[in-house]
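Colleague: Hi, I'm new to this one. Could you walk me through it?
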Amino acid sequence: MSDSYRAVVTTGHRRFELVERERRDPGPGEVRVAVEACGICHTDALAVEGPRPAPIVPGHEIIGVIEAAGPGAGASWRPGDRVGIGFLGGPDTTCEACRWGDFLNCADQPLIGTTVDGGYAEVVYARATGLVRIPPGVETVNDAPLLCAGLTMYSGLLSGRARPGSLVAVQGIGGLGHLGIQYARALGHRVAAIGRGTAKKELAAELGADEYIDGTAEDPGEALQRLGGASVVIATAAAGAAMSALVSGLARRGELIVVGADPEPLEVRPAQLIFGGHSVRGSLTGTAAENEENLRFALRHAVRSYNEVFPLSEAAKAYQRMISGEVRFRAVLDMRG
Ligand SMILES: NC(=O)c1ccc[n+]([C@@H]2O[C@H](COP(=O)([O-])OP(=O)(O)OC[C@H]3O[C@@H](n4cnc5c(N)ncnc54)[C@H](OP(=O)(O)O)[C@@H]3O)[C@@H](O)[C@H]2O)c1
Ligand SMILES: [Zn+2]
């Protein structure tokens, strides 16, 4: 094994540089992981477009193999173990700062690829408490996006009030959304996909959507009401204004679960919430333990990510395809490519 490894660091707004780094021994409670694949999530924009100061290595949909375990990390983890790493790099807690929305300064929870270096690299250092054990059957490159995109959909949908058979709508058919349709279907829901235009209509049906709503051709709230109203709408598009139209599509006591992050505000009329008994809430990815459950669920129900695969040296191109909305549906970096 060579002492050096390649990593892609951000050097400014949408600028990347491929650098060589030296391997070091992992610190206390830490492991060194040879990254095999890393998905490119829209949340990588936090690292690539600010507000984090460059340079940082983005990427938090990682599958790899432990190369070395630091002091205190080796009780349950050994070199050779196959592991996953998602967005939350630590235990199931966040600090006081997070409660006020200042998650970039969380003292307890390293955010992989955002506040600490992530997986656009051949090697990543991670806390043992944030590692996900990869069940047999999970494929390295194909399944890397399940570590964040998949988990976010799985935990968001499971935390919702929808029962099997009830109408669940997935807004935004990108990395998260195309998996969300499959998870919702696997959970036994009747699924409506909400996209922009008709280009993804057929694919939505292939993924398991029973209904397709083109949000540019009709009001998605009215369209959902025609279908009887949604028990849950899970909104993945990074578009606050577009989410506002979804509250009117909820069934009585329905929930709008917000997972797409957008600085634009979401507008809701209080009377809508009161008379419909509706709620609007956010959902943040999930813990390492939930991720293990998520991977087993995805395997059992053949949930799979549709990926475009790139070598590490083409990380900038892969990111550009994601951020411009061209990728179908997830870009994944294959370190072995
Ligand atoms: N809550 C969490 O824990 C969590 C975890 C992961 C990601 N996220 C966030 O979730 C969002 C989505 O991430 P992603 O990786 O899935 O992004 P992505 O792959 O870029 O997909 C976003 C999709 O939203 C669609 N879209 C945009 N505006 C829309 C609108 N007005 N109506 C319907 N669809 C619209 C786009 O499709 P078209 O351009 O084809 O219309 C695009 O495919 C990001 O904001 C990301 O930061 C949150
Ligand atoms: Zn993510």
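Modeller: Happy to! Keep in mind that this is a predicted model. A good place to start is the largest nonpolar core, which has 41 residues.

Colleague: Which residues have the most contacts inside it?
Modeller: Those are Ile181 and Tyr183.

Colleague: And which elements give two or more residues to this core?
Modeller: They are H4, strand S8 (167-171), helix H5 (175-186), strand S9 (190-195), helix H6 (201-207), strand S11 (230-235) and helix H10 (288-300). H5 gives the most, with five residues.

Colleague: Which domains does this core draw on?
Modeller: Domain 1 (4-147 + 287-334) and domain 2 (151-282) each supply at least three residues.

Colleague: Back to Tyr183: what is it in contact with, leaving aside neighbours within four places in sequence?
Modeller: Its contacts include Leu146, Leu151, Tyr154, Asn294, Phe297 and Val303. There is also a second, separate core of 39 residues, with Phe16, Cys38, Ala318 and Met335 among them.

Colleague: New topic: what are the protein donors of the zinc ion (ligand 2)?
Modeller: Cys41 (SG), His60 (NE2) and Cys148 (SG), at 2.0 to 2.3 Å from the zinc ion. Along the chain, the donors follow the spacing C-x18-H-x87-C.

Colleague: Where do His60 and Cys148 sit?
Modeller: His60 is in the loop between helix H1 (45-48) and strand S4 (61-69). Cys148 is in the loop between helix H3 (140-143) and helix H4 (149-158). The two are 88 residues apart, so this pair links distant parts of the chain.

Colleague: Is His60 buried or exposed?
Modeller: Buried, with a relative accessible area of 1%. Cys148 counts as buried too, at 5% relative accessibility.

Key: Residues are numbered from 1 along each chain as its sequence is written. Chains are lettered from A and ligands numbered from 1 in the order in which they are written. This is a predicted model: local features need pLDDT of at least 70, side-chain atom pairs count only at pLDDT 80 or more; totals for chains, interfaces and linings use all residues. Side-chain values use heavy atoms; hydrogens and water are left out. Donors are N, O and S atoms within 2.8 Å of the metal (3.2 Å for Na, K and Ca); water is not among the atoms, so sites may look incomplete. Helices (H or I, at least four residues) and strands (E, at least two) are DSSP runs, numbered from the N terminus. Buried means under 20% relative accessible area, exposed over 50%, partly exposed in between (1.4 Å probe, protein chains only). A nonpolar core is a set of buried Ala, Val, Leu, Ile, Met, Phe, Trp, Tyr and Cys residues joined through side-chain atoms within 4.5 Å. Domain bounds come from an automatic or database domain assignment. Contact means heavy atoms within 4.5 Å.
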